[in-house]
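Please look over the structure below before reading on. The briefing that follows takes up some helix contacts and then some empty spaces in the protein.

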Amino acid sequence: MLTVALWSLLPLFLVCGQSLAQLEILCKQLYETTETGVRLQAEKALVEFTNSPDCLSKCQLLLERGSSSYSQLLAATCLSKLVSRTSNPLPLEQRIDIRNYVLNYLATRPKLAAFVTQALIQLFWEKSVLYVKREVMWLCVRPHVVNLFFFFFFYCLQADTSHPLTKHRKIASSFRDSSLFDIFTLSCNLLKQASGKNLNLNDESQHGLLMQLLKLSHNCLNYDFIGTSTDESSDDLCTVQIPTSWRSAFLDSSTLQLFFDLYHSIPPSLSPLVLSCLVQIASVRRSLFNNAERAKFLSHLVDGVKRILENPQSLSDPNNYHEFCRLLARLKSNYQLGELVKVENYPEVIRLIANFTVTSLQHWEFAPNSVHYLLSLWQRLAASVPYVKATEPHLLETYTPEVTKAYITSRLESVCIILRDGLEDPLDDAGLVQQQLDQLSTIGRCEYEKTCALLVQLFDQSAQTYQELLQSTNSSTIDITVQEGRLTWLVYIIGAVIGGRVSFASTDEQDAMDGELVCRVLQLMNLTDSRLAQAGNERLELAMLSFFEQFRKIYIGDQVQKSSKLYRRLSEVLGLNDETMVLSVFIGKIITNLKYWGQCEPITSKTLQLLNDLSIGYPFVKLVKLSAVQFMLNNHTSEHFSFLGVNNQSNLSDMRCRTTFYTALGRLLMVDLGEDEDQFEQFMLPLTAAFEAVAQMFSTNTFNEQEAKRTLVGLVRDLRGIAFAFNAKTSFMMLFDWIYPAYMPILQRAIELWYHVPACTTPVLKLMAELVHNRSQRLQFDVSSPNGILLFRETSKMITTYGNRILTIGEVPKDQVYSVKLKGVSVCFSMLKAVLSGNYVNFGVFRLYGDDALDNALQTFIKLLLSIPHSDLLDYPKLSQSFYSLLEVLTQDHMNFIASLEPHVVMYILSSISEGLTALDTMVCTGCCSSLDHIVTYLFKQVKPTLSYMMKRPAAMATDDRFLHIMQQHPEMIQQMLSTVLNIIIFEDCRNQWSMSRPLLGLILLNEKYFADLRNSIVNSQPPEKQQAMHLCFENLMEGIERNLLTKNRDRFTQNLSVFRREVNDSMKNSSYGVNSNDMMS
């Protein structure tokens, strides 16, 4: 084989160019091949290379002559290992030589692959500068190399996952306090020098230098100053938490002026970086300035914005345009309208911004993703109008209607262009449309009279044209589609501005204006519904549903005055005299949609969500009295609602909306159900027929499997909706008696047959999990009823059946493991947790009477758990939450079972708890704390008679307590968790301190010697002048604490811990020794 032949040539590598090429082939095999055998052979060969005595010189030659990025990566990796080895370390002089070589290499090769540059920077920063003062190092390096280096350093710092999170934060904080401001100052000074010279930016090296300087400045301003790691994709309007020590840079107006001057003097290829820096500067925290300083800073900022607007030529570049829109948005996100109006040039600036916004909206096809920031600016400005106290005019009454008009008219004009040119329709991006409408809802409510008049005018024009086209015999389809598109936008916008009523104090006149708009939409709905038998427009229907949702939020409910002028206008125009009649329109539309759009998932889903929202709260009492609702309750079959049918062309997952439908019907049924079993049986007839059909299929040897699957999946989704809605004892007992014991075997049979088909098993498992969930204490059986035990038997049987079979499916690809296996396992965990914590089963009777249902369920849980890698437990959030909540119940009520497990199982569980303690999900972390507390309490009770350490108790070796014996054999596990909890409390941003405190006391009492050593290590790691204070903190922590786990003692310890954490944090401020203590604990 080629790889073996290359391996045999290793002693001759790098002797000639041919050997270098062969080594590059090995590198390519290592990083690119998909064949495991080839990759392992290449890895084995390259390990030999890295261990060779002359590896250092070979790496240098490889960097110099190698043509492959993979060979350069290999050389960088080998150098990192060489300079970081603890045995036979390289001399300091040699490490400095490596550092200088790497810097020169980076400076002379600007086009290296990103991963090669990152590896070399990590080598430079973390390895070769050990014991070398970093500040001294970078000051003596050429400026362009410094900028290149620090640009990539920020990337490496963010991407490095080799350190624990706590250590990473400590390093970042130390770097922020010691070096970051100096780097920012250096970058600004170099930018000033560059701006004062006539740089030839056509020269690649000078262009690259300026680009790296700007990137360096931006990285400094974009630094995670307070360790929050904000997700910029979720909220772009965040505040930059500049340290107070940076005040001088921002009080000096020359810093701000530098970037504005640079914007006007450099080409468009670089100016977006300048604007990005200005965005960050405009977002510095308000508290950095006093009122006078902030006003001065804002004045300079607004002047710079005005200058850009007066010279907008560079904004034709999409990147410049986008960053400038972000800059405008920051003006209002960080400053109050009352402050803006006091700026000297405010009237001119707001005029320029309004003109810029109007022009931008009219050119809707140019950088559409930037519109969000402009609308955000105007939304915030409009929302501030009722609260502004300044005497200076804000002029928003003049410019806000212009912005509103520009948005509305531009959307309407876009319809024809999109159809003509075949462009992508913005209406297909529901998220983008909804985001813009939410912003417009506030903007449009400012000067609402003008907004309403415009909407009425445009709607009447489009509706009249649309009606004329429908009545005409020779109208073109394109013309009709254009008008439907315009009406779609108008209906969306009308719904949005009605929803915006909540943002302002509304008047009777504005309610009357809402009435005018609502009447027009309802009249259009009547027209379009009358044509559904022939044709319909999906986008227009979705807009109607959006309108109904906004109308429901504002004008339907017990908080709405029924004397509202909106209802008066509805009565005059449409004859809808009260809320009940309006609700009948809602239900009529819902039934119409379900009748004609049953095969359109988006419309069906949103229609059912509207029905579900109506069934919650105040309106449902009135809903039940409507004849249309009674029709739904009595005729919920596929004959009337096509989406309930078994469609062989659809996927099984398309039936999810059925659960929503039956949840709403279940709520409506419960209003008048009471104890009327006949009414319940009547309602359940379609589901009874479906169950009987499935039972009939299962009774034969040959049946249509696809039909059976679809019927069953639809049925269990329906039942899950009903079970969720029935949260009262009387109604839920009717459902329980209906399904058990008659139909439970069918569910069990389905699990046996289709355990490997998650689209079938997941709905069945979720139904069972809902049935055993004691929501609102609905599962309350009579004292003479065995139903609680019988229900648990069925639960145990289903978990055991599914669990044992799913473990036989073998290896599952990583990208499918959740859907095929882990999702069902997660539901089983949730099901078991619900039944164990439901308080309707006495689990002691199972062992007493020799019933193995409980043991079977618990043993299946263990089998499933052991089949899951630790990493998967935390990688999948739903699995994490179901597992750790179940573990909390088991350790609380079934600790004897946990204690009887095999050692490797116990260690797996303890390891999972240890890892969960550091999880980012607070729910998972809190569950781990509770589980650990139960385990520690159990252990403490075992050793309490001797009042000695668990690991030092010789009598325990003679007992038959397997769990205690395991802990004696592996004391490091409990000790590690003690270190972890203490580490989180001292060094982390502990969000669940109370939960952490509960197991900590037991951990300390079980490991007093280890705790003492830990305490001494932390104290000794502090500066000498702070050791006494730290020692006193630990003394105060245990003051008044007795050696027991009684509630009173625990509460006292929790109080002490709060004081301890506060005092330790105060003591460790401005100390560079905190990282060392964390190293000891990690």
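At roughly what angle do the axes of α46 and helix α47 cross? In this predicted model, the two axes come within 11 Å and cross at roughly 95 degrees. Angles of 65 to 115 degrees count as roughly perpendicular, and α46 and α47 are therefore roughly perpendicular to each other. The points below begin with this pair of helices, go on to a second partner of α46, and then turn to a pocket and a cavity.

**Contact of α46 with α47**
- From α46, the residues I935, Y938, L939, Q942 and V943 take part in the contact, and they meet F963, L964 and M967 of α47.
- Sorted by class, the residues of this contact of α46 with α47 are seven nonpolar and one polar, with no charged residue.

**Contact of α46 with α49**
- Helix α46 spans residues 922-943 and helix α49 spans residues 993-1006, and their axes come within 8 Å, crossing at roughly 30 degrees.
- Because angles under 35 degrees count as roughly parallel, α46 and α49 are roughly parallel to each other, and their crossing is left-handed.
- On the α46 side the contact includes C925, C929, L932 and V936, while on the α49 side M996, P999, L1003 and L1006 are among the residues met.
- In the contact of α46 with α49, twelve residues are nonpolar, three are polar and two are charged.

**The second largest pocket**
- The second largest pocket holds about 860 Å³ of space, and 33 residues line it, with R720, A769, E770, H773 and S830 lying nearest its centre.
- Helix α46 is one of the elements that each supply at least two residues of this lining, and α31 (657-673), α34 (705-725), α37 (758-771), α39 (817-836) and α43 (877-893) do so as well.
- The lining of the second largest pocket is made up of eight nonpolar, 15 polar and ten charged residues.

**Cavities**
- The model has four cavities of 30 Å³ or more, and in the largest cavity there is about 80 Å³ of space.
- The residues that line the largest cavity are V302, L331, L340, Y346, V349, I350, I353, L377 and L381.
- Two elements, α18 (346-362) and α19 (371-384), give two or more residues to the lining of the largest cavity, and α18 gives the most, with four residues.
- The lining of the largest cavity has nine nonpolar residues, no polar residues and no charged residues.

Conventions
Residues are numbered from 1 along each chain as its sequence is written. This is a predicted model: local features need pLDDT of at least 70, side-chain atom pairs count only at pLDDT 80 or more; totals for chains, interfaces and linings use all residues. Side-chain values use heavy atoms; hydrogens and water are left out. Axes are lines fitted to C-alpha atoms, for helices over the stretch in contact, and angles run from 0 to 180 degrees between N-to-C directions. Angles under 35 degrees count as roughly parallel, over 145 as roughly antiparallel, 65 to 115 as roughly perpendicular and the rest as oblique. A crossing is left-handed if the near helix is turned anticlockwise from the far one by less than a right angle, and right-handed if clockwise. Contact means heavy atoms within 4.5 Å. Ala, Val, Leu, Ile, Met, Phe, Trp, Tyr, Cys and Pro count as nonpolar, Asp, Glu, Lys and Arg as charged, and the others, Gly among them, as polar. On a 1 Å grid over the protein atoms alone, a cavity is a set of points where a 1.4 Å probe fits but cannot get out, and a pocket is an open set with protein on both sides within 12 Å along at least five of seven lines; lining residues have an atom within 4 Å of a point. Grid points are joined across faces, edges and corners, and a volume is the space filled by probe spheres set on the points.
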